[in-house]
Amino acid sequence: QVQLVESGGGWVQAGGSLRLSCAASGRTFSTYAMGWFRQAPGKEREFVGATSWSGGSTYYADSVAGRFTISREYAKNTVYLQMNSLKSEDTAVYYCAAAQHRIATVGAMGVMGVYDYWGQGTQVTVSS
């Protein structure tokens with residue numbers, strides 16, 4: 001079992017920045033990849049970005065590429081999502097997820113079904 005706890009959400013004006021954290025505990029040694037997803041009101045959950053736990057691969061959705069950055073702090077078993085140049089359309093609940101098995105392609109890291117564990121989410125509200 002892996003437990004994931006997100007934090008760092010809040011309210012920010014358009015153009016501002018936020019950094020989300022995802023702290024993992026439990027059987028983290030078998031984690032292959034960590035992903036970030038988001039869900040806006042009335043919409044389906046969508047992929048934001050993901051990284052292999054080793055750091056060899058990082059993949060972003062087109063909508064956030066160049067504005068969002070994923071990083072890892074191994075000593076704390078924590079993954080971060082740095083969000084810059086935020087837009088009103090970035091408003092959503094953000095979730096982190098962990099995959100415990102190898103993912104064949106970088107593109108597959110954007111598929112919800114490859115992730116085994118999910119956090120409870122943290123709300124991000126961007127005001128225009």
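So, the hairpin: β7 and β8 make one, with four residues between the two strands. Look at the turn and you'll find Asn77, which has a positive phi of about 50 degrees. Keep in mind this is a predicted model.

The two strands of that hairpin run antiparallel, and six bridges hold the pairing. If you want a spot to click on, Ser71 sits opposite Tyr80 in β8.

Now zoom out a bit. Which sheet does the hairpin belong to? It's an open one with four strands, ordered β1-β3-β8-β7, and the pairing is antiparallel. β1 and β7 are at the edges with a single partner strand each, so each has one side left without a neighbour in the sheet. Going from one strand to the next, the twist averages 20 degrees.

Over at the β1 edge, β1 and β3 are also antiparallel, again joined by six bridges. There, Val2 has Gly26 in β3 as its bridge partner.

Okay, on to the packing. The largest nonpolar core has 36 residues, and the members touching the most others are Leu4, Trp36, Phe68, Leu81, Met83, Tyr94 and Tyr115. Several strands give two or more residues to this core, among them β1, β3, β7 and β8 from our sheet, but also β4, β5, β9 and β11. Which element gives the largest share? That's β9, with six residues.

Let's stop at Leu81 for a second. What does Leu81 touch, leaving out residues up to four places away in sequence? There's Leu18, Arg19 and Leu20, then Trp36 and Val48, then Phe68, Thr69 and Ile70, and finally Tyr94.

That's my tour, happy to rotate the view for anyone.

Methods:
Residues numbered from 1 in each chain as written. Predicted model: local features only at pLDDT ≥ 70, side-chain atom pairs only at ≥ 80, totals over all residues. Heavy atoms only, no water. Core = buried A, V, L, I, M, F, W, Y, C linked by side-chain atoms within 4.5 Å. Buried < 20%, exposed > 50% of the residue type's maximum accessible area, 1.4 Å probe, protein only. Contact = heavy atoms within 4.5 Å. Pairing = 2+ DSSP bridges. Axes fitted to C-alpha atoms, helices over the stretch in contact; angles between N-to-C directions.
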